[in-house]
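The exercises below ask the reader to work through the surroundings of a bound ligand and then through one pocket, using the sequence and the coordinates together. Each task is followed by a solution in steps.

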Amino acid sequence: MTTCKMINKDIVVVGAGAAGLTAAIFAALQSSPETKIAIIERTDKAGKKILMSGGTRCNVLPVSMSEKDYFTDSSIHLLKRIFKSWSVEGCKNWFIDDLQLPLACEVETNKWFPVTNSAKDVRDALLNKALSLNVEIHYSTQITEMQRNHNDWILTASDAKQYQAKHVIWSTGGLSVPTIGTDGAGHQVLRSLGVQMKPTYPALTPLTGQHPGSSNLAGVSLTVGLTADTMIASREGFLFTHKGFSGPSVLDVSHCVTRYVMGQQQRPELAINWTGESKDIWQKRLTTGKSTVLGTLKEYIPNRLAEALTEGKSYRNQKVSELSKNDRADLIQLVTAYSLSWSSHEGYRKAEVTGGGVPLEAIDTATMRLKNDPGLFLCGEIMDVFGRIGGFNFYWAWVTGRLAGLAASKLPAQQQAQEV
Ligand SMILES: Cc1cc2nc3c(=O)[nH]c(=O)nc-3n(C[C@H](O)[C@H](O)[C@H](O)COP(=O)(O)OP(=O)(O)OC[C@H]3O[C@@H](n4cnc5c(N)ncnc54)[C@H](O)[C@@H]3O)c2cc1C
């Protein structure tokens, strides 16, 4: 019979993503040099999502934020408390001063990117910092089971390796892009421990549906105002895809659709204002002038879209000054409150993040520690919080990773792992 050697650590971080790397760094910074910290990562690389983020440029942070940039079914009060622990400015300075990663602000979008526009530089800065602090990383090792053994946690990996640790930081991410290690297996392990979770759903994912008119507008993009019921009104990029719709404005409201499809909420009405301008402005624009309806629309929105929107309309080639009251009202509605014909969504495969997960009520917000356990800390996307497009999701990962790492590092001296 083969016996499996127990690998003893003080702190085991499960998942080498944005939150896990940050947690390990802060745990190591706060601990004595003898403290043994290991990150266990199921894939062969750290920070795969960082590498693919922001179109491989990595939008590290937003310029500013408020809790309104986030979605959760948990208490907003608890969310605010967590964000209070580290300002965007403090986090930005950490990247620049401590990780030696110069950042540049993209003023038009209010986003911070690395000066080099390379997501790999962000991942490498985090990884190198962790390694320089003697954090070990064990790749291609998936934790499939966890159990308590008195004051310790015993973690079992898929290859039957076992780890023993006083403190565990669970940072296994969500279910989005399952092909790169985030397929919800981490949620399963927590569930088996009795941790309660909110039902998960894909978020920031493209929608499927029918383009206006009979043409396929794939590739057409513009900046629109998009409203999902009365809840969200954002003025952001919109893109027609081969299957439907994408772009930040669509991604930001896509969870309303995914939650509807999963039976978690009512069907949302998505209304588009193609130029973001008011009805009054269009009323004036469509009252005077010699230009035709189609000609006028083409001045403000892409030609192909103008043609698609007015396809089959009797007033299409009429002069705007000659429009009947009803036709003008119909046209204004079409331009400022177009009802988007969506059918479904592209799911976790294309989702940037996962909604749902562990509610904030289950943790102590000062430490990210699970309330009913003295040594299990949670951070990042596994929690029931996600942000809109703009660096808000990484900010959540950095803030919660830092809190979990700092708290897990506060090990009583006698608890430090013994070499076996
Ligand atoms: C295409 C894309 C672009 C994005 N762009 C941006 C952006 O520009 N800005 C932004 O703010 N956000 C962006 N995001 C969102 C951002 O990537 C996530 O919010 C963030 O990565 C979450 O960090 P995390 O550490 O919680 O999870 P992850 O980064 O997903 O890390 C979890 C890690 O845990 C590992 N793991 C899972 N289960 C186990 C297990 N049982 N045992 C061991 N290891 C395990 C996984 O392999 C993974 O490495 C983007 C996401 C995608 C998909």
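**Exercise 1: the ligand shell**

Task: In this predicted model, identify which of the 33 residues around the ligand come nearest, and then describe the polar contacts and the make-up of the shell.

Solution. Step 1: the residues that come nearest to the ligand, out of the 33 around it, are Ala19, Glu41, Ile143, Glu381 and Phe394.

Step 2: taking a polar contact as a pair of N or O atoms within 3.5 Å, we find that a side-chain N or O atom of Glu41 is 2.6 Å from a ligand oxygen, while backbone N or O atoms serve in the other two cases, that of Gly54 lying 3.1 Å from an oxygen atom of the ligand and that of Asn393 lying 3.4 Å from one.

Step 3: the ligand taken alone exposes 1000 Å², of which the protein buries 94%.

Step 4: α1 (18-30), α2 (48-52) and α13 (392-408) are the elements that give two or more residues to the shell, and α13 gives the most, with 3 residues.

Step 5: sorted by class, the shell holds 12 nonpolar, 16 polar and 5 charged residues.

**Exercise 2: the second largest pocket**

Task: Describe the volume of the second largest pocket, and state which residues and domains line it.

Solution. Step 1: the volume of this pocket is about 300 Å³.

Step 2: its lining comprises 14 residues, among which Thr109, Asn110, Lys111, Glu236 and Arg388 are the closest to the centre.

Step 3: by class, the lining has 5 nonpolar, 4 polar and 5 charged residues.

Step 4: domain 1 (6-202 + 354-415) and domain 2 (207-345) each supply at least three residues to the lining.

Terms used
Residues are numbered from 1 along each chain as its sequence is written. This is a predicted model: local features need pLDDT of at least 70, side-chain atom pairs count only at pLDDT 80 or more; totals for chains, interfaces and linings use all residues. Side-chain values use heavy atoms; hydrogens and water are left out. On a 1 Å grid over the protein atoms alone, a cavity is a set of points where a 1.4 Å probe fits but cannot get out, and a pocket is an open set with protein on both sides within 12 Å along at least five of seven lines; lining residues have an atom within 4 Å of a point. Grid points are joined across faces, edges and corners, and a volume is the space filled by probe spheres set on the points. Ala, Val, Leu, Ile, Met, Phe, Trp, Tyr, Cys and Pro count as nonpolar, Asp, Glu, Lys and Arg as charged, and the others, Gly among them, as polar. Domain bounds come from an automatic or database domain assignment. A residue is near a molecule or strand if one of its heavy atoms lies within 4 Å of it. A polar contact is a pair of N or O atoms within 3.5 Å; within protein, one must be able to donate a hydrogen and the other to accept it, and residues adjacent in sequence count only if both atoms are side-chain atoms. Accessible areas come from the Shrake-Rupley method with a 1.4 Å probe; for residues, only the protein chains shown count as cover. Helices (H or I, at least four residues) and strands (E, at least two) are DSSP runs, numbered from the N terminus.
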